Every structure is written in structure tokens, then in C-alpha cells.
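User: I am new to this structure and would like to go through it step by step. Could you take my questions in turn and show how each answer is reached?

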Amino acid sequence: MFFLSRQTVRRHRSLYAGSFVALAVGVFLLGLAATATAATVAYDGPAAASITVDLPQADPPQQVRVPLSDADVSGLQTVLSLVAVISGFITIFVIASTFAFAVASRRREVGLLRLIGATPRQVRRMVLGEALVVALAAAITGAVLAQLATPLLLAKASYTELAPVKLEPASPWVPLLIAISAGLVVAMLGARSAARRAAKVAPVDALREAELEPTRIGVVRIGFGLLFLAGSIVLLALIRPGTGEAVIPLSMFTPMLLVIALTLLAPLVVPWIGRLWALPLVAWTRVSGRLARSNVVATPRRSASLAAPILAISAIAGSMVLTLSFAADAAAATIRDTLRAPIVVTAPEHGAAVRERILGTTGIAAADGAIPIDLIRTDGDSAEVETAEGIDLAAATRTRALSPISGDLTNLTGKTVAISKELSGFEGYDVGDEITVTYLDRTADRLRVVAILPTAPGVTASMVLPPELARQHAPEATPSQWFILPAQGSDAGALVTALNERLTGTGASAVPAVEWEEAQGEALRQGNRFGLILLLGPAALYSAIAIANTLLMGSLQRRHEFVTSRLLGATPAQIRRMVLWESSLVGAVALSLGTAITVTVGVLIRRAMTDGMSDVPATVPWTVLLGIAGLCLVLAVGAALAPTAFILKRSHPGAAME
Amino acid sequence: MTSTAPPRPFVVQSESPALLLDGITKTYRSKAGAVDALRGVTYQFTRGSFTAVMGPSGSGKSTLLQCAAGLDQPTKGMVMLGGVELGGRDEVALTKLRREQMGFVFQAYNLLGSLTVYDNVALPLRLTGRRPRREDVYRVLDQVGLEGKAKRRPAELSGGQQQRVAIARALITGPAVFFADEPTGALDSSTSRQVLTLLRQATDRTGQTVVMVTHDPVAAAFADRVLFLSDGLVAGSLDRGDAARIAAAMSELEG
């Protein structure tokens with residue numbers, strides 16, 4: 001049957017062009033992620049900038065070299081693996097829908113094969129063979145492109161926040177082989193359901209004139225749809241205050257499950273939402289709106305596969321954008337709630353003079369300058385670099401909210417530590433436990449946990465040490481930020497001016513806390529934006545291709561229908577209007593489902609993150625969200641209208657009788 | 001209407017018929033209610049005979065062909081092909097029977113556009129897992145008068161030539177029964193004649209059985225016997241009639 005597959009693909013090039021492009025782009029992204037990951041793995045930081053620590057509890061006990069923070073490429077690795085997951089997901093999705101389309105449009109041909117003696121199994125193998133032919137060509141193309149683009153990506157990624165080092169391309173063979181095989185597996189998974197459906201085509205379909213698709217959807221499909229729906233509801237229920245930091249990854253991956261569920265159930269759901277959206281259309285237009293409605297409602301399977309890529313990207317991108325925005329809101333509110341001091345001084349490294357100048361300023365009640373100290377926390381078989389700080393309790397308890405959730409801060413003396421609730425939650429540390437650390441001066445220590453503090457990134461570090469301990473192991477370190485509390489009766493504004501006067505020439509500067517908080521929030525959003533572009537950029541590009549692809553194929557197949565309508569007296573403008581309304585309707589249906597997912601996730605994540613806080617502003621990035629929706633609609637309508645116009649221009653109504 | 005001429009003397013009557021329909025009923029259920037397409041058809045197709053099935057539209061002739069070829073299951077009754085009962089067999093068994101015992105030619109779109117003439121003809125053999133022998137393929141192509149066209153694709157052939165490729169494809173497996181559904185429906189009269197002559201030769205030279213559904217009296221005149229269907233029942237038959245007599249019988253049936 002492979003011989004037949006090869007021939008059919010050659011013949012139906014236009015039908016498979018979409019699958020080819022989709023898969024080639026998918027493998028390109030996977031390949032790029034893989035080669036770049038290989039480059040980060042191959043990256044060998046300078047030996048001086050790393051510390052070897054013992055992991056006695058690992059099995060077998062071993063020593064690992066921990067690179068210090070300024071030569072760390074793990075940020076890039078995390079982002080790359082996320083890019084690979086999202087690209088892989090969307091690829092399966094798109095391949096499945098383009099293959100389903102290709103099979104549906106060849107019902108008669110498959111029937112003929114069955115009639116002259118092909119068994120259902122042979123038909124299934126033929127379709128899988130077609131997938132393999134397309135996938136092989138596409139995967140190799142994608143891999144070659146990835147190899148060509150790797151140096152560009154590495155040049156762009158080097159010396160950024162995510163990888164503050166120079167990255168060189170590593171040997172491409174293993175990563176590209178992984179990308180190619182992943183592409184092939186993904187294509188086969190995507191083609192499986194299409195192949196199964198093709199095997200169900202009856203031989204008698206070769207004798208039938210009309211190529212009508214069966215409108216009922218299978219019990220298995222509904223079953224899987226409900227299963228995925230149930231799974232996503234369970235995950236959605238986990239997005240609640242008690243879940244802690246895991247709510248962010250949850251709110252990013254649950255939409256993917258929901259997308260699968262809704263796509264499986266779409267043929268049931270689409271007609272209803274389609275009817276709803278068609279109400280104004282039918283009221284406002286004379287005939288085109290009515291026709292568009294019946295086309296969308298009467299072929300639910302077709303409409304569902306057209307809607308699928310729009311649903312996928314709008315739900316995934318929407319939820320991610322909203323989640324990160326709400327996370328930034330929550331983080332800003334945490335900083336605001338934790339910081340009590342009205343003035344913040346930011347100081348450069350090695351600002352030894354800053355301390356004297358601040359303490360010498362009159363009108364200060366408390367000056368809280370924590371000593372930053374990096375250390376390596378080892379736990380069982382892992383070693384992490386943590387940024388800790390040594391704080392002066394007398395000052396810090398007045399400038400920040402430091403009431404422990406459990407334990408007692410007054411015990412923070414000697415070899416002890418107070419940790420954030422987040423760290424305690426992730427690692428399971430409790431008051432009284434001991435944490436093994438190695439300082440950058442290569443001495444190891446065991447610190448007893450005396451208190452668990454509310455998590456407040458940006459204000460209080462995740463590990464807080466007694467100042468003497470920090471000073472002992474980081475004698476050169478100076479505070480990078482000071483929280484200043486004015487004395488009773490002294491004016492904060494005047495104090496800022498006074499501080500800035502005294503600090504001139506040191507590189508340090510004082511600002512009102514409100515201003516500093518705003519800058520922190522803005523920096524957070526800036527970082528999120530960078531991450532979003534990295535994560536969603538490829539997925540968006542990919543979905544754009546997919547949306548255009550399915551609608552283009554959908555319209556190209558309707559040549560006969562369009563030409564017949566022309567013969568019956570429809571003007572080209574009427575047909576174009578019908579296609580315009582039809583694609584808008586499909587787009588609107590998909591976007592309403594995408595919006596439903598986004599809103600659900602948004603509401604849950606907001607509730608989870610703002611638990612126990614008051615007056616948290618809700619920043620909804622309207623421009624971005626509406627931009628995503630608008631772009632989806634424009635793409636859908638454009639990709640449906642362009643081939644329609646092309647067909648109408650090229651064919652005469654008389655062609656219907658050929 | 002009854003048989004008006006004795007059977008041809010050279011038609012060999014063997015012990016079991018090529019195709020036997022025994023009390024075939026086919027009822028389609030739809031929202032509008034049950035529709036009887038066939039209402040108890042019993043008929044034997046003798047080996048080596050060429051039978052045309054005629055009848056007004058809606059008389060059940062297409063359903064008869066589909067049930068006889070195992071493409072559709074009759075609601076009641078039994079179909080036996082070469083002594084093998086078709087009922088109660090699964091899709092794979094039916095497919096194997098189809099590709100070994102039956103050949104199909106129908107109105108249009110008979111061929112796979114992506115394959116050459118040669119590959120189209122060789123396809124049934126490939127589907128059985130056999131490697132087609134070149135001389136076999138060329139022999140059947142010669143037989144239908146398409147020598148030299150092996151490398152062409154269907155789109156480069158005329159309608160009549162395409163039908164002849166379909167016949168060659170049916171011939172290559174040497175099937176016991178040929179099913180033809182309006183094989184000349186899309187052809188002009190001279191190409192129709194070529195196609196019908198080829199079907200005629202299948203019975204005369206190799207003793208194969210042909211069952212052809214048609215509405216064209218000229219086409220039906222190529223058959224040994226015309227079987228008339230009306231309202232899902234056998235309404236009569238006519239042996240070795242010419243086109244004029246067949247047309248007269250048809251209009252009687254429709255009137």
C-alpha cells in the first residue's frame with residue numbers, strides 16, 4: 001500500500017501542502033528548541049565560577065558542580081522545553097485536522113479502493129502511509145531549516161537575561177534526530193483518527209453521487225471528549241488558594257486539555273453556538289447570512305475542524321496572557337503589602353560609603369539594608385543556587401511585614417534561617433528542620449529553620465539569615481537596597497531630598513516607596529512580555545498557518561458548489577458575502593469557546609492569587625487579548641475569501657454542467 | 001411478459017448458478033418511515049450469462065446490484081455467489097470475496113486519478129498481495145484495445161477509454177461475475193458499443209457472468225436476457241430481444 005500512498009500524495013499535492021507546511025514548521029520549532037538546548041547543555045561555564053558540592057544522600061553519593069548565577073543557562077532551557085511542549089501540542093492538533101480534511105474530501109476515491117478489493121486495514125495503512133510520506137519530507141525540511149537557523153537563535157539568545165553567556169552551536173545530529181522522530185510520531189498520532197475514519201468508508205460510497213459526510217459523531221469521540229473535560233475540571237479545581245505556586249503552570253496547561261475536550265465535542269457544541277451568533281446575521285442580511293448559518297450548522301464536523309485551530313490559539317494565548325498579568329498584579333500587591341517603609345534607596349555593588357551616608361542623615365527612625373549572600377542549598381540529590389539575605393531584625397521588623405506564619409523570628413541567631421512559605425511548600429521544610437548549605441567561600445553549614453515567613457519576592461528573600469552569619473561568609477557584600485523609615489514627625493518627601501543630596505556621587509539614589517513599587521511591577525511585566533513573546537511567538541505563527549491552511553482548503557474544495565450557485569443565479573458578490581459571514585461565524589464560535597476557557601482560568605487564577613490580600617488591582621491586557629481575537633478573525637476571513645474570489649474569477653457558471 | 005425465445009444452445013448450464021438471489025427484501029428506514037426498495041426478489045443468474053437489469057427509476061435495480069455484490073445487506077433473503085453465501089460474513093471476508101470473484105464497472109469516476117493506466121489495472125492484484133506480472137497486465141490492456149496507453153493517466157484518456165481501463169482492471173483477476181452499473185451512461189453511442197462488446201466477449205470467450213444495470217435499451221440488447229424490475233419485484237424478462245422490443249417492453253412497464 002505504500003506505493004499507493006506515494007502516488008496519492010503526489011497527485012493531491014495541494015491537499016497535503018497544508019499538512020506539509022504545518023509539520024515542517026513544527027519540526028523546525030522542535031529542532032530549534034533541541035539544538036539550542038544542546039548548545040546550553042554543551043555550554044561549559046568557566047571553572048572558577050562554579051563550586052563543587054557533595055550530595056551524600058544521592059544514590060549513589062556524588063559530587064556536582066554548581067555554576068554560579070551569573071553564568072546560568074537554565075532559564076533558557078526552561079523556556080525552550082516549554083516552547084517544545086507547546087509546538088508539539090499544536091502540531092498534533094493541526095496535523096489531525098488537516099488529515100481529517102484530506103480524507104473527508106476523498107470519500108469516493110476510498111470507496112472505489114474498497115470496491116475493487118482493498119480491505120479496511122489496507123485503507124488504513126494507505127492513509128498512514130500518506131502521512132508517513134508527507135511527514136518524512138516535512139520533517140527533513142524542518143530539520144534542515146532548524147539547523148540553518150540555530151546560529152541565529154543562539155546569537156540572539158546569548159547575553160540575555162535567560163542566558164547571560166555566549167552560546168555556541170553543538171553537534172546537531174542527536175537533537176535533530178530527536179526532532180525528526182518527534183515529528184514523525186506526532187504526524188502518525190495525528191493521522192491515526194483520520195485513517196480509522198477512512199477505513200470505515202463503505203465500498204458502496206464509490207457508487208454514490210453525493211459526497212455527504214455523516215453528521216453523527218462517534219461514541220468513542222464523545223467518550224474521550226467527556227474524559228478530557230472531566231480531567232480539565234479536576235485540574236481547574238486545583239487552581240485555588242491552597243495550591244501555592246503551582247497554580248501558574250496549572251493555568252497554562254489546563255487550557256490545552258480543555259481545548260482537546262472542546263475540539264472533540266465541537267461537532268455537538270458548534271451548531272448551537274453557531275445558531276446563536278447567526279441570529280443578528282439572519283436579521284440583518286437578506287440571503288447570505290441565512291445561507292452561511294445553514295452551511296455552518298448543517299456540517300458540524302467540517303465547521304468544527306475549521307474552528308479548531310482558532311479555538312486552540314485563542315484559549316492558550318488568552319489564558320497565558322491573563323494568568324501572567326494577574327500574577328504580576330498579585331506580585332505588585334504583595335510588594336505593596338509587605339513594604340512598610342515609605343522610602344527606598346537602591347545602591348550599586350560595592351557601595352561601602354552608602355551605609356555611612358544613610359546612617360548619617362538626620363530624621364531616620366530605621367534603615368534596613370540587608371546583606372545579600374548567594375549560597376548553594378543541597379537537598380537529597382539536588383543542589384540549587386539561592387539568593388539569601390542577612391537582615392538586622394531590629395530595623396527590618398519595622399520597615400517590612402515580617403510576622404512569621406509559624407516559628408519565632410527572635411530565635412534567628414547563630415546557625416539558623418527563616419524561609420519563605422513558598423520554599424517551605426516546595427521542599428517540605430518545617431520549623432526545626434535543618435537545611436544543608438554551602439557558601440561561596442566553599443564552607444558547608446547546616447542551618448536550623450526557626451520561622452516561616454510570608455512569600456514576598458522583591459522585598460524579602462526566600463532564605464533569611466542572621467546578619468552576623470551573612471557578614472562572616474560574604475565579608476565584601478553591601479546592601480543593594482535600603483528600606484528607610486523616617487523618624488516621628490519628619491516628612492518623607494523632605495527626607496528623600498535630603499538623602500539624595502547626601503548620596504550624590506555614590507551612585508545610589510532614594511525614591512518614594514510608591515515609585516519603587518511601580519518600577520518593580522513594570523520590570524516584572526517587562527520580563528513577562530519577553531517570556532510571552534518567546535513562548536507564544538512560535539505557537540502564534542504556527543496557529544496562523546493552521547488557521548489559514550484549514551480555511552483555504554475548505555474553500556478550495558467548494559469549487560463545484562460555488563459554480564453551481566452561480567448557475568442558479570447567485571452573483572459573485574452574494575457568494576463572497578456568504579463566505580465572509582460563514583468564516584466570521586466559524587471564527588466567532590471558536591473565539592467564544594476560547595473566551596470561555598480564558599475567562600474561567602482568569603477568574604480561578606485571580607481568586608487563587610489574591611487570597612488574603614485586599615485591593616489588588618486587576619490589569620486585563622485588553623489590547624493584547626482583543627488583538628489575538630482580531631487577528632484570528634482577520635486570518636480566518638481572509639483565508640476563506642481569497643480562494644473564493646480566485647475560484648469565482650476563474651470559472652464560468654457553465655462549468656457546473658461539465 | 002414471458003420468455004419468448006429458447007436459451008442459446010451453447011450456454012453451458014452447470015449444476016449451481018453463478019449468482020442466486022433467494023427472496024431478497026430490502027427495507028430502508030428513514031425519518032419519513034420505512035421504504036421497501038426490494039420486496040422479495042428470487043432469481044438465478046446462470047453461469048456464462050449476460051443479464052441486463054432494467055426498470056423505471058425507484059424500481060430497485062441499483063439496490064438489487066448492491067445486494068447481489070455484497071455491498072449492502074438485504075433485510076431478508078439470501079445471496080449466494082458461486083455456491084458461497086454472502087450473508088453473515090464480515091467486511092474482510094466480503095472484501096476478499098469481492099476481489100477474487102467480482103469485477104466492477106460503473107458510470108464514471110471508475111479509476112484512481114493518481115495512478116497510471118498500468119497501475120490502475122494492476123491494483124486489484126497488488127491489493128491481494130500478489131506481484132502483478134507485466135505480461136498479464138499488457139494482455140488485458142491488449143484485450144480491451146488499449147495497447148500503448150499503459151503509461152497514461154486517466155485524465156489523459158477519453159471517457160470510453162477510461163471505461164475500457166475499468167474493464168481491463170475487472171478482467172485481470174478473472175472474476176466469476178461482472179457487475180456493471182450504467183457502464184455506458186456517460187458515453188456516446190459508438191464508444192458505448194465498444195464497451196458493451198467487451199462485456200459481451202467476457203461471457204462468450206471466457207464464460208464469465210455479467211450483471212448489468214442500465215436504462216438504455218440499446219445497451220440491454222447486448223445481453224442474453226433482460227430482467228425487468230418494477231416496484232421492488234421482478235416484473236418479467238425478455239430473452240435476446242432487440243432494442244426496439246426492449247424499449248416497447250420498458251414503456252409498457254412505465255405506462
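## Salt bridges, burial and the interface

Analyst: In this predicted model, R446(A) has a relative accessible area of 47% and is therefore partly exposed.

User: Which residue forms a salt bridge with R446(A), and how far apart are the closest N and O atoms?

Analyst: The pair links distant parts of the chain, with R446(A) in strand β10 (residues 444–453) of chain A and its partner in strand β9 (residues 434–439) of chain A, 12 residues apart. The partner is partly exposed, with a relative accessible area of 41%. That partner is E434(A), and the closest N and O atoms are 3.2 Å apart.

User: R377(A) forms a salt bridge with E427(A); is R377(A) buried or exposed?

Analyst: R377(A) lies in strand β5 (residues 371–379) of chain A and E427(A) in helix α13 (residues 421–427) of chain A, so the salt bridge ties together parts that are 50 residues apart in sequence. E427(A) is partly exposed, with a relative accessible area of 30%. A residue counts as buried under 20% relative accessible area, and R377(A), with 3%, is buried.

User: How is chain A divided into domains, and what distance separates the centres of domain 1 and domain 3 of chain A?

Analyst: The domain assignment gives domain 1 as 1–52 + 68–212, domain 2 as 215–337 + 518–658 and domain 3 as 348–507, all in chain A. The C-alpha atoms of the chain fill a box of roughly 95 × 60 × 45 Å along the principal axes. Taken over C-alpha atoms, the centres of domain 1 and domain 3 of chain A are separated by 49 Å.

User: What share of the residues in chain A is buried?

Analyst: The secondary structure of chain A comes to 19 helices and 13 strands. Among contacts between residues at least 6 apart in sequence, 83% join residues at least 24 apart. Of the 658 residues in chain A, the buried ones make up 50%.

User: Which three residues of chain B supply more of the area that it buries against chain A than any other three?

Analyst: The two chains meet through 24 residues of chain B in contact with 22 residues of chain A. The area buried between them is about 2,200 Å², of which carbon and sulfur atoms give 69%. Of the area that chain B buries against chain A, 25% is supplied by L112(B), S114(B) and L127(B).

User: Which residues form the salt bridge between chain B and chain A?

Analyst: The count between the two chains is 1 salt bridge, and its closest N and O atoms are 2.4 Å apart. The elements that give two or more residues to the side of chain B that touches chain A are α2 (91–101), β6 (102–106) and α3 (117–127) of chain B. By class, that side has 11 nonpolar, 5 polar and 8 charged residues. The salt bridge is formed by E91(B) and R114(A).

User: Why is helix α1 of chain B described as largely enclosed by the rest of the structure, and which of its residues are buried?

Analyst: Helix α1 of chain B covers residues 61–68, and 7 of its 8 residues are buried, so the helix is largely enclosed by the rest of the structure. The helix is followed by G70(B), whose phi is positive, near 75 degrees. The buried residues of α1(B) are K61(B), T63(B), L64(B), L65(B), Q66(B), C67(B) and A68(B).

Conventions: Residues numbered from 1 in each chain as written. Chains lettered and ligands numbered in written order. Predicted model: local features only at pLDDT ≥ 70, side-chain atom pairs only at ≥ 80, totals over all residues. Heavy atoms only, no water. Domains from an automatic or database assignment. Contact = heavy atoms within 4.5 Å. Buried area = accessible area lost by both parts, 1.4 Å probe. Salt bridge = Lys/Arg side-chain N within 4 Å of Asp/Glu carboxyl O. Helix = DSSP H or I, 4+ residues; strand = E, 2+ residues; numbered from the N terminus. Nonpolar A, V, L, I, M, F, W, Y, C, P; charged D, E, K, R; others polar. Buried < 20%, exposed > 50% of the residue type's maximum accessible area, 1.4 Å probe, protein only.
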